[in-house]
Every structure is written in C-alpha cells, then in structure tokens.
Amino acid sequence: MSTGRLSIDRERCIGAGMCAMTAPEVFDQDPDDGLVLLLDAEPPAAHRTAARMAAGLCPSGAITFGVPGSGDA
C-alpha cells in the first residue's frame, strides 16, 4: 500500500484546530497565529487514517491528502 502525502494551505486555514485534535501526531497549531502546522507530510500507516479524517473534518478545506504520483498531492 502506498503512503499518502499531505499538503496544507495556511492561507485557507481558519485555526479551528480539528486537525490537531484528530491527528496530533501529524498536525499541530502555530502558537503565534493558531494556524495549522504539518508535522509529517507522509504519515506512517498507524497515523494515516486519522490524517485522512482530519483532512475531511477541516472546515476550510486547508488540508489535502493525495497519493504520490496520482496528481492529487
């Protein structure tokens, strides 16, 4: 199974924090502005499901999860 690659758009982020609460091993929030910080762009299998869930829960759509080579990253 190939790993997924995450990308974030900090300009779209509204600082809701759903990502950091859902997948704290993958995301954090900047202590200065509250916006998303990506800790692991290619999370291991143990954190991939939570990362996908976090991307789906993001209210601003600032997180995308794609498969390398698919054009979705």
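**View 1. Ala51, a buried residue of helix α2**. In this predicted model, Ala51 has a relative accessibility of 0% and so counts as buried, the limit being under 20%. Its place is in helix α2. Look around Ala51 and, beyond the neighbours within four places in sequence, you will meet Leu6, Ala23, Val26, Phe27, Pro43 and Phe65 in contact with it. Ala20 is a useful landmark here: 31 residues separate it from Ala51 in sequence, while the two C-alpha atoms are 9.5 Å apart in space.

**View 2. The cavity and its lining**. The structure has one cavity of 30 Å³ or more, and the space inside comes to about 90 Å³. Its lining is made up of 16 residues. To find the centre, start from Cys13, Ala16, Gly17, Cys19 and Cys58, the lining residues that lie nearest to it. Sorted by class, the lining offers 11 nonpolar and five polar residues, with no charged ones.

**View 3. Ser60 in the loop between α2 and β4**. Here we move to the stretch that runs between helix α2 (45-57) and strand β4 (63-66), where Ser60 is found. Ser60 has a relative accessible area of 14%, so this loop residue counts as buried. Setting aside neighbours within four places in sequence, its contacts are Arg12, Cys13 and Ile14.

**View 4. The salt bridge between Glu42 and Arg5**. Three salt bridges are counted in the model, and this close-up shows one of them, with 2.9 Å between the closest N and O atoms of Glu42 and Arg5. The pair brings together distant parts of the chain, 37 residues apart: Glu42 belongs to the loop between β3 (36-38) and α2, and Arg5 to strand β1 (residues 5-8). Both partners are partly exposed, Glu42 at 38% relative accessibility and Arg5 at 36%.

**View 5. A salt-bridge network of Arg10, Asp30 and Asp33**. Begin with Asp30 and Arg10, whose side chains meet in a salt bridge at 3.7 Å, N to O. This pair spans 20 residues, from Arg10 in the loop between β1 and α1 (18-22) to Asp30 in the loop between β2 (27-29) and β3. Asp30 is buried, at 16% relative accessible area, whereas Arg10 is partly exposed at 29%. Arg10 also forms a salt bridge with Asp33, the closest N and O atoms being 2.8 Å apart. Asp33 sits in the loop between β2 and β3, 23 residues from Arg10, and is partly exposed, with a relative accessible area of 41%. Through shared partners, the salt bridges join Arg10, Asp30 and Asp33 into one network.

Key:
Residues numbered from 1 in each chain as written. Predicted model: local features only at pLDDT ≥ 70, side-chain atom pairs only at ≥ 80, totals over all residues. Heavy atoms only, no water. 1 Å grid on protein atoms, 1.4 Å probe; cavity = no way out; pocket = protein on both sides within 12 Å on 5 of 7 lines; lining within 4 Å. Points joined across faces, edges and corners; volume = space filled by probe spheres on them. Nonpolar A, V, L, I, M, F, W, Y, C, P; charged D, E, K, R; others polar. Helix = DSSP H or I, 4+ residues; strand = E, 2+ residues; numbered from the N terminus. Buried < 20%, exposed > 50% of the residue type's maximum accessible area, 1.4 Å probe, protein only. Contact = heavy atoms within 4.5 Å. Salt bridge = Lys/Arg side-chain N within 4 Å of Asp/Glu carboxyl O.
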